[in-house]
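Visitor: Please take one part of this structure and examine it closely. I would then like to see that part set within the whole.

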Amino acid sequence: MIRLAHANPQVLEFFWNGRRVQGRQGESLATALLANGIRTLAWTRKSHRPLGYSGSYVAGVLARVNGVPNVRLDLLPVTAGAKVDMQNCWPTPALDVLRLSRLIPASWIQGGFEHTNLVPSGSALFQRWEALLAFLAGSAKPPERIGQIAVPMARRLSADVLVIGAGPSGCGAANRAAAAGRSVVLVTRGHGVARYAQSFGTPGPQLDERVQLVTGVEVFGAYREGELLLGAPHDATLGAVALEADEIILATGRRACPPVVPGIWLPGVMDARTALLMAHEQAVAPGVRVVVVGTGDEHAVAARLTELGVNVVAVRPVAQLHRVEGRHRVKAARFADRVACDAVVHAGPWLADASLSFQSRADGLLQLREVRDSRLHTVGSAALADEPLPVATASRHAALLCPCFDVSCHEVQALVEQGITDLEVIKRLTSCGMGPCQGQPCWDSLRALVSARSGLALSALPRPTLRPPRRALSVAQAAGLVDCVEPLQ
Amino acid sequence: MTAAHALPSQASIIIVGAGIQGLSLAFNLTELGVRDILVLDAGYWQGGASGRNGTLIRGAFSSPEWTRFFAHSCHLWQGLSKRLGENVMYSRRGYTMVGERSSTAAMLDRTLQVHRECGINSSLLTATGLREVLPALAHERVSAAVHLPDSGVAPHHAAMYAYRQACEARGVKIFYRTEVTAIDQSAGRISGVRVGEQRIATDTLVLAGGAESNRLAQLAGVPLDGYPMRLEAMALEPMRPLIGPAVALLDRLCYMHQTARGEVVGGAEVAERAQHTLNADVPVMAATAKAYLEMFPQLGRARILRQWAGLVHISKDFGPLLGAHQQLPGLFISAGWCYGHAGAPAAGELLAKAIVSGEVDERMRPFAVDRFERNQPVVEPGIVLSHFE
């Protein structure tokens with residue numbers, strides 16, 4: 001069984017594609033669907049490959065919930081009677097004709113649907129062709145017309161010290177500042193402090209009661225040379241938050257990025273943080289037979305998962321993973337040998353999210369580059385050097401680099417062979433990283449791949465510009481900022 | 001696209017700026033038989049305004065000068081895929097100018113008069129017509145709307161790819177990340193440019209450097225009207241078609257459209273201090289979101305994928321500065337572009353003709369580089385832009 005012994009007994013019924021399914025109180029919709037054996041939650045945009053709950057690719061958890069498109073199922077708790085529907089299907093999820101698009105040769109749709117000379121503009125057919133492309137590319141039906149949406153007013157928060165991230169390092173920094181008599185705001189996107197640490201079974205840190213804790217708010221952008229930061233609650237009916245402080249401390253940790261190997265996008269692959277939080281807080285295992293790979297802490301992660309009741313069948317270094325096998329979901333992990341499994345959890349490679357630090361340091365007229373010292377001090381694991389992403393040797397196996405936009409390793413390799421290694425140019429030629437994840441994590445995968453194939457050092461391959469708000473902010477929430485952030489005069 | 005080669009030591013014409021203006025000009029010059037064209041750009045491919053704009057192509061404005069010029073350009077866009085041999089994806093989906101204030105409705109009435117004089121296909125939409133064209137719009141807020149059925153959009157990445165491919169296929173040499181550091185003159189006319197230590201000889205130089213135009217004119221030692229201006233835009237997450245035509249919300253200085261891949265892309269303008277940077281800020285995003293929310297309530301729950309800033313070069317009257325520079329023989333200018341994506345096919349064609357034959361087309365003449373010295377600005381009330389200095 002995928003649901004673990006310590007699961008909440010209270011059952012809540014909801015609907016997936018019109019079908020009744022049972023979740024438990026406290027589970028997210030994504031977790032509840034996984035517990036029901038439903039692994040494919042979304043389809044990639046062009047080739048309709050299956051995507052699931054991975055922790056890495058946000059496109060895999062976007063669905064329509066109660067008529068609202070593109071809702072993140074991993075952040076929304078199960079509620080009784082919720083209507084959850086798969087997107088990017090036509091006419092219905094059960095009879096999805098769009099799945100035939102898998103038969104289209106990959107070379108026809110490289111670089112997006114749009115780089116094609118099949119039907120050039122100016123011909124009589126083009127407007128109809130474009131309408132078809134727009135229908136396919138749009139993936140999600142627009143919401144129903146429901147009249148005016150209320151504008152959730154943004155609020156300002158300022159303090160002597162602002163700490164972003166409530167892991168042990170963030171809590172420690174906040175406590176030290178509070179003890180020194182300074183006013184402190186601590187912001188976390190989670191619903192509590194040190195969730196990852198606690199999912200390991202270690203007690204959470206005690207937070208000084210003078211620290212103002214703001215939970216459930218993702219800080220997504222640094223503006224005005226880092227003088228102003230913006231955050232927003234995931235619940236779009238709540239207003240955004242404009243943050244200012246004399247001292248800003250980034251304790252945002254690192255995330256486990258998927259290694260660049262074939263099959264890594266398949267439903268069943270999950271990062272260690274997501275897997276541990278799910279097993280610990282929501283009592284659902286990532287699979288029935290789980291393989292754990294990592295860059296050093298795979299044994300600790302595997303031991304903790306086992307303690308929580310998860311059946312771990314193999315523990316290996318991530319560098320030994322050749323590929324993940326399966327057509328529609330994970331069937332095996334291929335090392336020198338083949339390990340049959342239905343889930344692969346990767347504990348690493350660990351990389352920090354560079355967005356806020358980049359935005360606070362960047363400037364330029366021709367290209368944004370990190371030119372100034374950051375106002376943001378980085379502490380904890382976020383300050384550690386990024387780990388290298390393993391890149392599998394070129395093979396016939398399809399390896400998706402950017403699953404949201406179906407950008408394959410082959411497509412990028414072909415550009416590198418033409419001498420094109422500028423990541424900004426590759427982004428524009430392939431649309432890599434322009435989907436809902438906005439390059440997280442696929443620009444890191446892209447860098448690693450281009451570096452491996454061209455021989456250029458990572459330092460010679462800056463990421464494309466990291467632009468906020470990376471879908472952390474809705475239009476209504478942004479409108480609520482009008483009276484909160486004054487234009488510079 | 002070809003990999004980089006070595007810089008030549010001379011060229012028949014050097015164009016500084018490989019954005020859509022520079023490339024369109026280079027393409028049109030090859031069509032007139034010019035060879036050995038060199039295009040130099042300090043940035044990367046599509047890194048400037050040509051890769052950051054809203055991709056709208058508007059074929060008519062409120063003044064006869066702008067309307068004649070941009071109507072010609074819009075016409076050229078419609079046949080551009082065939083001419084370049086690559087798909088520029090010009091989408092003839094229409095362009096709707098929406099007014100909310102009664103004063104704007106009056107301005108749109110006068111605009112229609114200009115369109116009639118210029119032979120433009122346009123119409124004032126009735127309430128029913130507006131519902132057909134833009135069913136998702138909050139119609140109760142609209143005082144008047146003018147629709148241009150021949151206008152539309154073309155994604156900048158498709159257009160820039162097509163122009164670049166067509167230029168390179170015709171032997172134009174294009175260098176990105178190659179900054180011109182000096183402009184040489186001898187005997188009172190252009191004699192070449194320098195890229196660091198290297199000198200490249202030419203007797204004809206075109207400055208098409210977008211926001212860098214003033215700096216480039218300084219290198220040439222000549223005055224140039226205008227200043228760099230930062231504009232911002234944002235993209236929403238994709239959804240299936242909701243908004244058909246390109247839309248200008250005139251009273252909000254806001255423009256938008258839904259791309260062929262489902263993202264709603266657009267921007268607005270707010271009164272703020274000029275910022276000379278590619279960094280984005282909060283107020284424009286907030287104002288754009290407010291405009292979307294009030295005018296297209298179904299967008300309210302959509303999430304914003306990304307926002308970005310771009311720099312354009314703005315002249316005193318917002319019109320392009322196009323043609324020979326009167327003070328330095330051999331120097332030509334293509335600057336002042338805030339509708340440069342829309343205007344590129346016409347600008348390239350007419351400027352190429354002026355360079356090769358010396359003949360200045362009537363549609364280009366009003367935008368002469370020295371018009372402010374002659375006190376002959378072009379007054380255009382129908383643009384979605386404002387001086388907030």
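Guide: Two strands count as paired if DSSP finds at least two bridges between them. The model is a predicted one, and the part chosen here is an open sheet of four strands in chain A. The strand order is β15-β21-β16-β17, with parallel pairing. At the edges lie β15 (269-271) and β17 (312-317) of chain A, each of which pairs on one side only. From one strand to the next, the twist averages 20°.

Within this sheet, strand β16 (residues 290-294) of chain A deserves particular attention. Five bridges connect β16(A) to β17(A), and these two strands run parallel. Two of the partnerships can be named: Val291(A) has Ala314(A) of β17(A) as its bridge partner, while Gly294(A) is bridged to Pro317(A) of β17(A).

Two helices pack on this sheet. Helix α5 (residues 272-282) of chain A touches β15, β16 and β21 (343-347) of chain A, and the direction of α5(A) makes about 90° with that of β15(A). Helix α6 (residues 298-307) of chain A touches β16, β17 and β21 of chain A. The direction of α6(A) makes about 150° with that of β16(A). Strands β16(A) and β21(A) are thus touched by α5(A) and by α6(A).

How are the side chains of β16(A) arranged? Val290(A), Val292(A) and Gly294(A) point one way from the strand, and Val291(A) and Val293(A) point the other way. The residues on both sides are buried. Because five of the five residues of β16(A) are buried, the strand is largely enclosed by the rest of the structure.

The surrounding chain gives this sheet its setting. Chain A contains 11 helices and 27 strands. Its radius of gyration is 22 Å, close to the 23 Å that the globule rule gives for 489 residues, so chain A is as compact as a globular protein of that length. Along the principal axes, the C-alpha trace of chain A spans about 65 × 60 × 55 Å. Buried residues make up 52% of the 489 in chain A. Among the contacts of chain A between residues at least 6 apart in sequence, 66% join residues at least 24 apart.

A helix further along chain A offers another case of burial. In α8 (residues 409-417) of chain A, the buried residues are Cys409(A), Glu411(A), Val412(A) and Leu415(A). These four cover an arc of only 160° around the axis, which puts them on the same side of α8(A). In an α-helix there are 3.6 residues a turn, so residues three or four places apart point the same way. The buried residues of α8(A) pack against β26 (400-402), β27 (407-408), α9 (423-430) and α10 (442-454) of chain A. Just after α8(A), Gly419(A) adopts a positive phi of about 90°.

Chain A also meets a partner, chain B. The contact between the two takes 68 residues from chain A and 66 from chain B. On the side of chain B that touches chain A, the elements giving two or more residues are α3 (80-84), α6 (156-169), α8 (282-295) and β17 (304-314) of chain B. Helix α8(B) gives the most to this side, with nine residues. By class, the side of chain B that touches chain A has 36 nonpolar, 17 polar and 13 charged residues.

The partner has its own overall figures. Chain B has nine helices and 19 strands. The radius of gyration of chain B is 20 Å; a compact globule of 389 residues would have one near 21 Å, and the two values agree. The C-alpha atoms of chain B fill a box of roughly 65 × 45 × 40 Å along the principal axes. Of the 389 residues in chain B, 62% count as buried. Residues 24 or more positions apart account for 74% of the contacts in chain B with a separation of 6 or more.

To return to the sheet, β16(A) combines five bridges to β17(A), contacts with α5(A) and α6(A), and burial of five of its five residues.

Definitions and conventions. Residues numbered from 1 in each chain as written. Chains lettered and ligands numbered in written order. Predicted model: local features only at pLDDT ≥ 70, side-chain atom pairs only at ≥ 80, totals over all residues. Contact = placed C-beta atoms within 7 Å. Nonpolar A, V, L, I, M, F, W, Y, C, P; charged D, E, K, R; others polar. Rg over C-alpha atoms; globule rule 2.2 N^0.38 Å. Buried ≥ 20, exposed ≤ 12 C-beta atoms within 10 Å, placed from the backbone. Arc of directions from axis to C-beta. Axes fitted to C-alpha atoms, helices over the stretch in contact; angles between N-to-C directions.
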